[in-house]
Amino acid sequence: MKTTAQFLQMKAHGEKIVMVTAYDYAQATLAEQAGVDMILVGDSLGMVVLGYDSTMRVTVEDMIHHSKAVRRGAKDTFVVVDMPFGSYHGDVNDTLQTAVRIMQETNANAVKVEGAGEVIEVIRKLTSAGIPVVAHLGLQPQSAGVLGGYKVQGKTAEQAEALIRDAQAVQQAGACAVVFECIPHQLTEMISRQLVIPTIGIGAGVEADGQVLVYHDLLKFGEHRVPKFVEIFADAGRVMREGLAGYTQAVKNGTFPTLAHSFTMQEEQLDQLYG
Ligand code: KIV
Ligand code: NA
């Protein structure tokens, strides 16, 4: 398993960091086999797995439940767990307790929190308690209601300056990496040069030190809307749909199961049975 120190080195050597989300045992197993560097148990769980229309309804319990399954499937990959909506904006000591619980119950390697501002104190507190923290700036889905939707962030010089300040602040507070979602690629390049910690982009251009995508997006698994910044690397949804349709047909037609799928009783046992 790679460490936060190795992620710093990868950045320093210009070696890209690959992160993907996963939400259960099977997905985590495949991600680890593919050789990704980090797995994120994202609160995108709410949308792509639980069928909610935002991340707002995801609970700490949901995150712990799924993160445990991910850990069992990816024992040798750095696992980051999203702290969900509402779980880190109260008293900072409560936040610490919640983060400790997540780390202890899931055996994850880090937690992720969205935003700067008051969240800077959270990053400082958790980091000083020994919990690696990944920051998340730019588009913050947990604040979509306040931001007025899922929009590109940092497009004006003023917004870009604020983002650069936030990026410095999360690094200063001890974040081990920072996700940038939906920001102009020039800004990603500028910030990635300025920071020592790795930047992980999603909809943020090739200039980030690493990339992250949602599992269900890049594999087209599910019926949800796939954002513009996603490349579909395989249409797993089509393969699964075809497989399920084939199964349905075969059962209806009586072509499944065959004798090869069946268990057989010995003749003499059958004779005894019928007397
Ligand atoms: O929840 C998630 O999947 C995320 C990524 C989009 C970075 O936070
Ligand atoms: Na998230």
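The exercises below work through a predicted model of one protein with a ligand.

Residues are numbered from 1 along each chain as its sequence is written, while chains are lettered from A and ligands numbered from 1 in the order in which they are written. Because the model is predicted, local features need pLDDT of at least 70 and side-chain atom pairs count only at pLDDT 80 or more, whereas totals for chains, interfaces and linings use all residues.

**Exercise 1. Overall layout**

Task: State how many helices and strands the protein has, and how far apart the centres of its domains lie.

Solution:
- Step 1. The protein has 12 helices and eight strands; these are DSSP runs numbered from the N terminus, H or I with at least four residues for helices and E with at least two for strands.
- Step 2. Its C-alpha trace spans about 85 × 40 × 35 Å along the principal axes.
- Step 3. Domain 1 covers 4-234 and domain 2 covers 240-274, with bounds that come from an automatic or database domain assignment. Their C-alpha centres are 46 Å apart.
- Step 4. Of the 275 residues, 41% count as buried. A residue is buried if 20 or more other C-beta atoms lie within 10 Å of its own, exposed if 12 or fewer, and partly exposed in between, with C-beta atoms placed from the backbone.
- Step 5. Among contacts with a separation of 6 or more, 58% join residues 24 or more positions apart. Contact requires C-beta atoms, placed from the backbone, within 7 Å.

**Exercise 2. The annotated binding site**

Task: Explain why the residues of the UniProt "binding site" feature gather at one spot, and describe Asp82 and Lys112.

Solution:
- Step 1. The unreviewed UniProt entry places "binding site" at Asp43, Ser44, Asp82 and Lys112. They span 70 residues in sequence, but no two of their C-alpha atoms are more than 12.6 Å apart, so they gather at one spot. UniProt positions follow the numbering used here, feature names are shortened, and annotations may be inferred rather than shown by experiment.
- Step 2. Asp82 belongs to strand β3 (residues 78-82) and is buried, because it has 28 C-beta neighbours inside 10 Å.
- Step 3. Lys112 belongs to strand β4 (residues 110-114) and is buried too, with 23 other C-beta atoms within 10 Å.
- Step 4. Leaving aside residues within four places in sequence, the contacts of Asp82 include Asp43 and Lys112. Lys112 in turn touches Leu40, Val80, Asp82, Met83, Val134, His136 and Val179, with the same sequence neighbours left out.

**Exercise 3. The active-site residue and the ligand shell**

Task: Decide whether Glu181 is buried or exposed, and list the residues around ligand 1.

Solution:
- Step 1. The "active site" annotation of the unreviewed UniProt entry covers Glu181, which lies in strand β6 (residues 177-181).
- Step 2. Glu181 has 22 C-beta neighbours inside 10 Å and therefore counts as buried. Beyond four places in sequence, Glu181 touches His136, Gly138, Leu139, Ile202, Gly203 and Ala204.
- Step 3. Ligand 1 is surrounded by Thr21, Leu40, Gly42, Asp43, Ser44, Asp82, Val179, Glu181, Ile202, Val212 and Val214, where a residue is near if its C-beta atom, placed from the backbone, lies within 6 Å.
- Step 4. This shell divides into five nonpolar, three polar and three charged residues. Ala, Val, Leu, Ile, Met, Phe, Trp, Tyr, Cys and Pro count as nonpolar, Asp, Glu, Lys and Arg as charged, and the others, Gly among them, as polar.

**Exercise 4. Backbone details**

Task: Compare the settings of Asn107 and Cys182, and locate the cis peptide bond.

Solution:
- Step 1. Asn107 is not a glycine, yet its phi is positive, about 60°. Asn107 sits in the loop between α5 (92-106) and β4 and is partly exposed, with 13 other C-beta atoms within 10 Å.
- Step 2. Cys182, also not a glycine, has a positive phi of about 55°. Cys182 is in the loop between β6 and α9 (185-194) and is buried, with 21 other C-beta atoms within 10 Å.
- Step 3. The peptide bond from Phe256 to Pro257 is cis, with omega near 0°. Pro257 lies in the loop between α11 (236-253) and α12 (267-274).

**Exercise 5. Helix α11**

Task: Check the span of α11 against its expected value, and say why the helix lies largely in the open.

Solution:
- Step 1. The expected span is 1.5 Å times one less than the number of residues. For the 18 residues of α11 this gives 26 Å, and the end C-alpha atoms are 26 Å apart, which agrees.
- Step 2. Zero of the 18 residues of α11 are buried, so the helix lies largely in the open.
- Step 3. After α11 comes Gly254, with a positive phi near 80°.

Key
Contact = placed C-beta atoms within 7 Å.
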